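Welcome, and please have your viewer open and ready. We will go from one selection to the next, and at each stop there is something to look at.

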Amino acid sequence: RILILGGTTEARQLAGKLARRDDFSVTLSLAGRTESPVAQGVPVRVGGFGGAEGLAAYLRGEHICLLIDATHPYAARISANAAAAAKQVGMPILALRRPGWEPVAGDRWT
Ligand SMILES: NC(=O)c1ccc[n+]([C@@H]2O[C@H](COP(=O)([O-])OP(=O)(O)OC[C@H]3O[C@@H](n4cnc5c(N)ncnc54)[C@H](OP(=O)(O)O)[C@@H]3O)[C@@H](O)[C@H]2O)c1
């Protein structure tokens with residue numbers, strides 16, 4: 001049982017790929033900021049968990065085995081909560097991180 005913290009294209013794409021596996025049960029979590037989010041390809045739950053404690057309780061209650069943080073780089077609070085909750089329940093966590101921009105020849109940085 002996998003919980004993906006989403007709200008990004010990468011999370012939706014990952015969920016779509018994992019959904020093809022019969023041996024995985026995947027749920028994707030959205031904060032609820034978007035009124036009509038696009039289909040995510042897997043069951044979705046919506047809304048905050050109530051901080052790291054609430055997320056830890058959710059992970060335990062839903063018997064999640066793996067947490068994947070695929071949230072936006074600017075969404076710092078949920079990522080910190082995810083790390084803390086995973087540590088609290090002793091669960092593996094995988095965090096997708098976008099590579100930072102590196103200067104290359106021809107750039108016009110402002
Ligand atoms: N910030 C951006 O620029 C940006 C851009 C594109 C997409 N997004 C997406 O929009 C969502 C909210 O962004 P934010 O910047 O407001 O995040 P944030 O400041 O890190 O999170 C604020 C609170 O929103 C809840 N939350 C955030 N993401 C959640 C998720 N995937 N599932 C359930 N609850 C979630 C959590 O509430 P509780 O503490 O109650 O659990 C969290 O503490 C994120 O999922 C992110 O991936 C953000």
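The tour below starts with the whole chain, moves to the ligand and its pocket, and ends at two other spaces in the protein.

**Stop 1: the whole chain**

Please keep in mind that this is a predicted model. Show the protein chain as a cartoon and pick out three helices and five strands. Follow the cartoon along the sequence, and the elements come in the order β-α-β-β-α-β-α-β. Now switch to the C-alpha trace, which spans about 50 × 30 × 30 Å along its principal axes.

**Stop 2: the ligand and its neighbours**

Select the ligand and show the residues around it. Which residues come nearest to the ligand? They are Gly 6, Ser 29, Arg 33, Phe 49 and Gly 50, out of 21 residues around the ligand. Colour this shell by class and you will find seven nonpolar, eleven polar and three charged residues.

Next, zoom in on the polar atoms. Start with the side chain of Ser 29, where an N or O atom is 2.6 Å from a nitrogen atom of the ligand. Move on to Ile 78, and look at the backbone this time: one of its polar atoms there is 2.9 Å from an oxygen atom of the ligand. Then select Asn 81, which has a polar side-chain atom 3.4 Å from an oxygen atom of the ligand.

How much of the ligand's accessible area does the protein cover? On its own the ligand has 800 Å² of accessible area, and the protein covers 76% of it.

**Stop 3: the pocket that holds the ligand**

Zoom out a little and turn on a surface. The ligand sits in the largest pocket. Two elements give two or more residues each to the shell around the ligand: strand S2 (26-30) and helix H3 (76-89). Highlight H3, since the largest share of that shell, four residues, belongs to this helix.

Now consider the pocket itself, which has a volume of about 690 Å³. Its lining is made up of 30 residues, and those nearest the pocket centre are Gly 6, Leu 30, Ala 31, Arg 33 and Ile 78. Gly 6 and Arg 33 are names you have met before, among the residues that come nearest to the ligand.

Which elements each supply at least two residues of this lining? Select helix H1 (9-18), S2, helix H2 (51-61) and H3 to see them. H3 gives the most, with four residues. By class, the lining of this largest pocket has eleven nonpolar, 16 polar and three charged residues.

**Stop 4: the second largest pocket**

Leave the ligand and select Thr 71, His 72, Pro 73, Arg 97 and Arg 98. These lie nearest the centre of the second largest pocket, whose lining has 13 residues. About 250 Å³ of space lies in this pocket. Its lining divides into six nonpolar, four polar and three charged residues.

**Stop 5: a cavity**

How many cavities of 30 Å³ or more does a search of the whole structure find? The search finds one, and the volume of this largest cavity is about 30 Å³. To locate the cavity, select the residues that line it: Arg 1, Ile 2, Ser 25, Thr 27, Tyr 58, Glu 62 and Ile 64. By class, this lining has three nonpolar, two polar and two charged residues.

How values were computed: Residues numbered from 1 in each chain as written. Predicted model: local features only at pLDDT ≥ 70, side-chain atom pairs only at ≥ 80, totals over all residues. Heavy atoms only, no water. Near = heavy atom within 4 Å. Polar contact = N/O pair within 3.5 Å; in protein donor to acceptor, adjacent residues only side chain to side chain. Areas by Shrake-Rupley, 256 points an atom, 1.4 Å probe, with all protein chains shown as cover. 1 Å grid on protein atoms, 1.4 Å probe; cavity = no way out; pocket = protein on both sides within 12 Å on 5 of 7 lines; lining within 4 Å. Sits in = over half its atoms within 2 Å of the grid points. Nonpolar A, V, L, I, M, F, W, Y, C, P; charged D, E, K, R; others polar. Points joined across faces, edges and corners; volume = space filled by probe spheres on them.
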